[in-house]
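Welcome! Here are a few short exercises to help you find your way around a new structure. Try each task by yourself before you read its solution.

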Amino acid sequence: MNYRTGGLLAAALLVTACGGGGGGNTTTPASGTTTNSTPVVSSTVADQSGNVGYEFSIDLAGTFSDPDNDTLTITTDFGGNARGLSLSGTVISGVPDSSGDVTITATATDPDGASISDTFTVSVTIDQSAIATVFGGSIDLENLDDFSGQPVPNYITKVNDGGNPITNAGATLGRVLFYDTSLSTTGTVSCASCHVQSLGFSDAGVVSTGVEGGQTGRHSMRLINTMFADETDFFWDERAPSHEAQESQPIQDHNEMGFSGQNGRPDLDTLIAQMEATEYYEELFRFVFLDPEITEQRIQLALAQFTKSIQSFDSRYDTGRAQVNNDDVDFPNFTADENAGKTLFMDNPNQGGAGCDRCHRTPEFDIAPNSNQNGIFRVAGSTTEFDLTNERSPSLRDLVGPGGSSNGPFMHDGSLATLRDVIDHYDDIQEPTSEPPLSDFLNTLDNRLIQNGNPQNLNLTENEKDQLEAFLLTLTGVSIYTDEKLSDPF
Ligand code: HEC
Ligand code: HEC
């Protein structure tokens, strides 16, 4: 609203130019006596308000005029942050992308370089009234939780963000989607029904129960440190080619959240229409994507950003690892048994170790991308059907909770209840007695687990098994189990 005039300076320059013999001003009329008038502000622009995600536009055509009727050129200075606004011709427009003030100085300049400015402010706010009603204080778009800036230790080097890095806005939307039971046909099941925070985002059951009693074919997977891995395919059998591709499948799975479009069930388009009619999604999608459109891809991007932000790096293992240069040396904070267990985990069987690190690689404990199946060959809950396709494991971090009890049974079929059962499995991998055919079993078993043509037999002593178990217990973190930003916002 306050304006300053650049007219005096411009007029002085004009005089100099004439006195200097014209310079570039060769078209000046022969008389040389023409005087130029400075443009004026004919109607100052009042301060404006805008909303994140809503089109903003103001035409400055009537703001300035010129006593000589010169054609005026308008330029603008947006101060430090234009928040998505820009000038085209005489119109300032755009979709504001963040809240705060934009102080705009618009300047009109005539062909002789005389100019005048007008300054006004656009105050951009976020429309989140429905969010405030539904979530109380647990979601505040003006004050987002820090998902993207979580500390990652410098020894963590494997990263698979799939070209969709975490943003605080995207992960906040992902959090709402993750916990929203209205994303299931019965209104009773959310991602969190089968990925429980207090269980390392896994499930206590061998398999999980979705809508109308539907059962999953496999055990739920812990969603820990999924971003810190070389393996880019998801699910136990790696059938999803990316994190993002995975994320909308449970919603459309007939047995999980039910929007399958099969057997009379509604499909994903029905769900999207329902979400578009839900005010807090209108507000959230507008905030994150700057327009309210809801698509499968946007749901995938946001959910993947949230699940990627489930990061666990505050275990006793991490405390020790931070104090040494590599995993091969003893950790100062470990007991002798824990250090011995670490050595067993790292060393190959031909060195007297258990060779776990060949597939579950320190320090991320991600699965080696070339891993094949590990000798666990049953379909969950079945004693006859077999499944030799499972080649992925969640990170071996947080196998048990801080209290020491398992975060659900282990393996794709949930067949191993305890860490000791896991160690016993690898110590002496059992061949199938009937189905599957032995040749199929051996052909698909990872050859790192085959010795002289037979499934491996490590011959670990009971003491060595205790040590290996003690080491696995050090991989459990603390914060993910209670971290507010990873919790149910409803
Ligand atoms: C009814 C239970 C259930 C629901 C609901 C569910 N999941 Fe899962 N989730 C599972 C099971 C079981 C697996 C393993 C499936 C497999 O490998 O075949 C899994 C696997 C995953 C994986 C793969 C992890 C990895 O490391 O490969 C991700 C990611 C995941 N779920 C995220 C989600 C998200 C996001 C939602 C909500 C949109 C969701 N889940 C809803 C049971 C469920
Ligand atoms: C040849 C590669 C390979 C080696 C070596 C290996 N694993 Fe695995 N591990 C896998 C695969 C693949 C899975 C998932 C298989 C499944 O569920 O069918 C898995 C699953 C697991 C799981 C279950 C994880 C969960 O979330 O349920 C644990 C625990 C585990 N391994 C521990 C170990 C230990 C301890 C060792 C060493 C004694 C070891 N593994 C050696 C490949 C390997």
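**Exercise 1. Work out in which sense E2 and E9 pair, and over how many bridges.**

Solution. Step one: this is a predicted model, so read every feature as part of a prediction. Step two: follow E2 alongside E9, and you will find that the two pair in the parallel sense, with 4 bridges between them. Step three: pick one bridge to check by eye, such as Ser-49, whose partner in E9 is Ser-123.

**Exercise 2. Find the sense in which E8 and E9 pair, then look at the hairpin they form.**

Solution. Start with strand E8 (residues 100-109) and strand E9 (residues 115-125): their pairing is antiparallel and covers 10 bridges. One place to see this is Thr-107, which stands opposite Ser-117 in E9. Next, go to the turn, where 5 residues lie between the strands of the hairpin. Among them, Gly-113 takes a positive phi near 90°.

**Exercise 3. Put the strands of the open sheet in order and name its edge strands.**

Solution. First, lay out the 4 strands of the open sheet: the order is E2-E9-E8-E5, and the pairing is mixed. Then look for strands that pair on one side only: these are the edge strands, strand E2 (48-51) and strand E5 (73-77). Last, compare directions: on average, neighbouring strands of this sheet are turned by 30° against each other, direction ignored.

**Exercise 4. Decide whether Ala-61 is buried or exposed.**

Solution. Locate Ala-61 first: it sits in the loop between strand E3 (56-59) and strand E4 (64-65). Now count its C-beta neighbours inside 10 Å, which gives 11. A residue is exposed if that count is 12 or fewer, so Ala-61 counts as exposed. For a further look, find Val-91: it is 30 residues from Ala-61 in sequence, yet their C-alpha atoms are 7.5 Å apart in space.

**Exercise 5. Describe the residues around ligand 1 and those around ligand 2.**

Solution. Begin with ligand 1, which is surrounded by 29 residues; the closest are Cys-191, Cys-194, Gly-210, Phe-235 and Pro-250. Helices that each supply at least two residues of this shell include helix H4 (191-194) and helix H9 (296-308). H4 gives the most, with 3 residues. Sorted by class, the shell around ligand 1 has 14 nonpolar, 10 polar and 5 charged residues.

Now turn to ligand 2, with 27 residues around it. Cys-356, Cys-359, Asn-390, His-412 and Asp-446 come nearest. Helix H12 (residues 419-427) provides the largest share of this shell, 3 residues. By class, the shell around ligand 2 has 14 nonpolar, 8 polar and 5 charged residues.

**Exercise 6. List the domains and describe how domain 2 meets domain 3.**

Solution. The domain assignment gives domain 1 (7-125), domain 2 (130-311) and domain 3 (316-481). Taken over C-alpha atoms, the centres of domain 2 and domain 3 are 28 Å apart. Their contact involves 31 residues from domain 2 and 28 residues from domain 3. To finish, sort the side of domain 2 that touches domain 3: 14 nonpolar, 8 polar and 9 charged residues.

Methods: Residues are numbered from 1 along each chain as its sequence is written. Chains are lettered from A and ligands numbered from 1 in the order in which they are written. This is a predicted model: local features need pLDDT of at least 70, side-chain atom pairs count only at pLDDT 80 or more; totals for chains, interfaces and linings use all residues. A residue is near a molecule or strand if its C-beta atom, placed from the backbone, lies within 6 Å of it. Ala, Val, Leu, Ile, Met, Phe, Trp, Tyr, Cys and Pro count as nonpolar, Asp, Glu, Lys and Arg as charged, and the others, Gly among them, as polar. A residue is buried if 20 or more other C-beta atoms lie within 10 Å of its own, exposed if 12 or fewer, and partly exposed in between; C-beta atoms are placed from the backbone. Two strands pair if DSSP finds at least two bridges between them. Axes are lines fitted to C-alpha atoms, for helices over the stretch in contact, and angles run from 0 to 180 degrees between N-to-C directions. Domain bounds come from an automatic or database domain assignment. Two residues are in contact if their C-beta atoms, placed from the backbone, lie within 7 Å.
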